[in-house]
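The following exercises are to be worked through with the sequence and the model at hand. Each task is followed by a solution in steps.

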Amino acid sequence: MSDYRSVSVQDRRVAPAEPGHRMSRRAAAAPPPPPPAGEQPPRGGGGRRAAATQGGGVNKMRVLAWISIGATTVMVAGALTGYTVYRDTFGNIHKKSIKSDIITPRPPSTGALNVLLVGSDTRAGEGNAKYGQKLARTADAGGKRTDTIILLHLSPNRDKAQLISFPRDSMVQIPTCKNETTKAPMPSHRDMINAAYSTGGVACTISTLETLTGIRIDHFVEVDFSGFKNIVNALGGIEICLKSGVDDKASKLKLPPGKSLLNGEQALGYVRLRKYGDGSDIQRIKRQQIFLSKVVAKATSGELLTNPAKLTSFIKAAAQSVTMDPDLADDTAKLLDIAKSAEKLTANGVKFTTIPWIPDPDNTNRVIWKQPDANELFTAIKTDVQLPEAAPTATASSAPKVALKPEQVQVQVLNGTQTFGKARTVADQLSKQGFKVVGLGNYQAPGGKAIAKTEVRYAKKAAEGADYAGVLTGMVVPKPGPTAGKIRPTSTDVYTSPVALPSAGTKAAGSPVIQLIVGEDFEGVKVEKLPDSVTSNTIVASAQKNVCT
């Protein structure tokens with residue numbers, strides 16, 4: 001049975017969405033994670049119904065925020081090259097400091113770069129009024145909302161990028177935040193995730209995501225509707241392919257079947273298009289992701305990067321269209337450093353993922369994240385923290401005697417902490433990554449003290465023990481060094497894997513049993529095998545070149 005639990009503020013796990021289920025329009029982004037095992041999260045509801053707004057201008061406009069946000073990834077990950085000639089252009093970036101407004105405990109920084117991308121439907125600023133909501137806001141005439149919340153994750157060596165979208169209709173626990181206008185504290189409460197941005201701005205959105213995911217968000221980028229249009233125009237338009245023609249008055253878009261080159265205005269109409277295909281939100285989100293992949297591909301193509309005039313025009317448009325935190329916008333060296341390392345980043349390395357979700361049982365127009373899938377996705381991001389190690393000098397002693405896979409490694413997991421059930425939790429994580437866990441247990445240092453640092457141990461007489469232990473250490477964060485000599489557990493228990501055992505041909509029988517003693521410093525098991533609900537909701541930019549929607 002699916003897990004319908006919602007997210008607790010204290011729980012940093014997240015659940016992805018399940019493909020195929022109906023979801024509200026807002027649900028297209030990415031919802032919040034559920035609470036720890038055994039805890040029943042608070043239920044929430046309310047909000048607009050997807051069906052009630054069919055064809056409505058207000059909601060159609062907000063859809064644009066999703067693609068607007070994604071376009072700014074080019075600013076950070078693709079279009080900024082190492083040419084110092086563009087230094088002055090960076091001065092055109094709008095800046096907003098939000099550090100003092102983040103009042104929740106923050107996760108540690110890592111070698112990776114995580115940037116929050118937010119699309120705003122504000123009517124403030126020249127060119128935005130005709131795209132904003134028609135209804136006056138009670139808070140202020142300009143007002144702003146977002147249904148575009150995307151986390152851009154750049155790997156430590158900046159050669160891979162993943163964009164994870166969070167549906168705005170995700171019901172989550174929003175932590176204590178400051179009101180963006182009055183700066184008055186707002187108590188923690190359960191609401192749709194986009195409410196964090198509406199009342200607390202970027203700072204509250206960052207606090208919410210960090211609390212739910214445990215991922216440190218290093219910087220943010222905001223973009224509005226006009227900014228998106230300017231970026232598309234600066235790229236010389238984006239080519240799309242339609243299975244059938246479009247003549248939609250609501251989005252003011254008229255296109256023939258087949259390929260069309262869209263300018264900025266047409267692009268806005270395309271991403272807001274609803275009455276097309278089966279009319280589902282899922283199909284619309286896929287179209288938006290494919291469109292964004294084409295933006296990334298063109299922004300990182302030789303056609304742009306080798307044309308100084310086009311590149312200059314694009315970078316100026318991008319700089320003038322976004323708002324960043326001063327730590328990023330004012331640090332030209334950091335921007336250029338990121339840009340230089342991003343030269344390795346091409347469309348082949350860019351992935352777009354929609355968090356797997358399931359309908360909120362209290363309100364089918366809302367969603368909650370599917371667990372434990374979402375948590376595994378976030379763990380994969382949190383543990384992507386180590387730069388590739390320098391290759392050791394090839395010697396007879398340093399070369400592994402055998403090539404091993406996790407499926408061939410038998411592990412006994414021992415809990416060396418004071419946290420009840422820790423061994424079983426870690427064993428489940430290892431099992432899902434292919435290791436054969438053969439038992440659980442507890443271990444206490446003399447005096448009943450917890451173990452400070454995680455250890456990986458193998459029998460001294462095991463001829464290939466170090467090789468088997470090395471496979472395990474490579475999956476543990478922080479990475480412990482293998483130690484010869486096993487320890488005697490203070491207690492043991494049997495273990496049944498929650499997933500199918502390794503397939504034939506990679507049997508672990510007869511291999512040495514490696515001990516993992518979980519210490520207080522343990523952060524997690526690397527996730528290299530993601531659930532089907534995540535992979536099925538992921539597209540690779542390079543594969544979308546000739547896709548017709």
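**Exercise 1: A pair of helices**

Helix α4 passes helix α5 in a right-handed crossing. The model under study is predicted.

*Task.* Determine at what angle α4 and α5 pack, and which residues in α4 and α5 meet.

*Solution.*
Step 1. Locate the helices: α4 comprises residues 225-234 and α5 comprises residues 264-271.
Step 2. Their axes are 8 Å apart, and the packing angle is about 120°.
Step 3. Classify the angle. Values of 65 to 115 degrees count as roughly perpendicular and those over 145 as roughly antiparallel; α4 and α5 are therefore oblique to each other.
Step 4. List the contacts. α4 contributes Phe225, Phe228, Lys229, Val232 and Asn233, which meet Gly264, Glu265, Ala267, Leu268 and Val271 of α5.

**Exercise 2: The sheet and its helix**

*Task.* Establish the strand order of the open sheet of eight strands, its edge strands, and the strands that α11 touches.

*Solution.*
Step 1. The eight strands run in the order β1-β14-β9-β2-β3-β4-β15-β26, and their pairing is mixed.
Step 2. Strands β1 (94-95) and β26 (538-540) each pair on one side only, and form the edges.
Step 3. Within the sheet, β3 (residues 148-154) and β4 (residues 161-165) are antiparallel partners over five bridges.
Step 4. Helix α11 (residues 373-382) packs on the sheet and touches β2 (113-119), β3, β4 and β15 (350-354). The direction of α11 makes about 145° with that of β4.
Step 5. Examine the burial of α11: nine of its ten residues are buried. These are Asp373, Ala374, Asn375, Glu376, Leu377, Phe378, Thr379, Ala380 and Ile381.
Step 6. Aspartate 373 also forms a salt bridge with lysine 370, at 3.0 Å from N to O. Both aspartate 373 and lysine 370 are buried.

**Exercise 3: Salt bridges between distant parts of the chain**

*Task.* Of the 14 salt bridges in the structure, examine those of lysine 96 with glutamate 180 and of aspartate 101 with lysine 183. Are the residues concerned buried or partly exposed?

*Solution.*
Step 1. In the pair of lysine 96 and glutamate 180, the closest N and O atoms are 3.9 Å apart. The cut-off for a salt bridge is 4 Å, so this pair qualifies.
Step 2. Lysine 96 belongs to the loop between β1 and β2, and glutamate 180 to the loop between β6 (177-178) and β7 (185-186); the two are 84 residues apart.
Step 3. Lysine 96 is partly exposed, with a relative accessible area of 23%, and glutamate 180 is partly exposed at 25%.
Step 4. In the pair of aspartate 101 and lysine 183, the N to O distance is 2.8 Å. Aspartate 101 is in the loop between β1 and β2, lysine 183 is in the loop between β6 and β7, and 82 residues separate them.
Step 5. Buried means under 20% relative accessible area. Aspartate 101, at 12%, is therefore buried, whereas lysine 183, at 39%, is partly exposed.
Step 6. A network of salt bridges links Lys96, Glu180 and Glu222.

**Exercise 4: The surroundings of an asparagine**

*Task.* State where asparagine 194 lies and which residues asparagine 194 touches.

*Solution.*
Step 1. Asparagine 194 lies in helix α3, which covers residues 194-213.
Step 2. The relative accessible area of asparagine 194 is 3%, so this residue is buried.
Step 3. Leaving aside residues up to four places away in sequence, asparagine 194 touches Thr146, Ile149 and Arg168.

Key: Residues are numbered from 1 along each chain as its sequence is written. This is a predicted model: local features need pLDDT of at least 70, side-chain atom pairs count only at pLDDT 80 or more; totals for chains, interfaces and linings use all residues. Side-chain values use heavy atoms; hydrogens and water are left out. Two strands pair if DSSP finds at least two bridges between them. Helices (H or I, at least four residues) and strands (E, at least two) are DSSP runs, numbered from the N terminus. Contact means heavy atoms within 4.5 Å. Axes are lines fitted to C-alpha atoms, for helices over the stretch in contact, and angles run from 0 to 180 degrees between N-to-C directions. A salt bridge is a side-chain nitrogen of Lys or Arg within 4 Å of a carboxyl oxygen of Asp or Glu. Buried means under 20% relative accessible area, exposed over 50%, partly exposed in between (1.4 Å probe, protein chains only). Angles under 35 degrees count as roughly parallel, over 145 as roughly antiparallel, 65 to 115 as roughly perpendicular and the rest as oblique. A crossing is left-handed if the near helix is turned anticlockwise from the far one by less than a right angle, and right-handed if clockwise.
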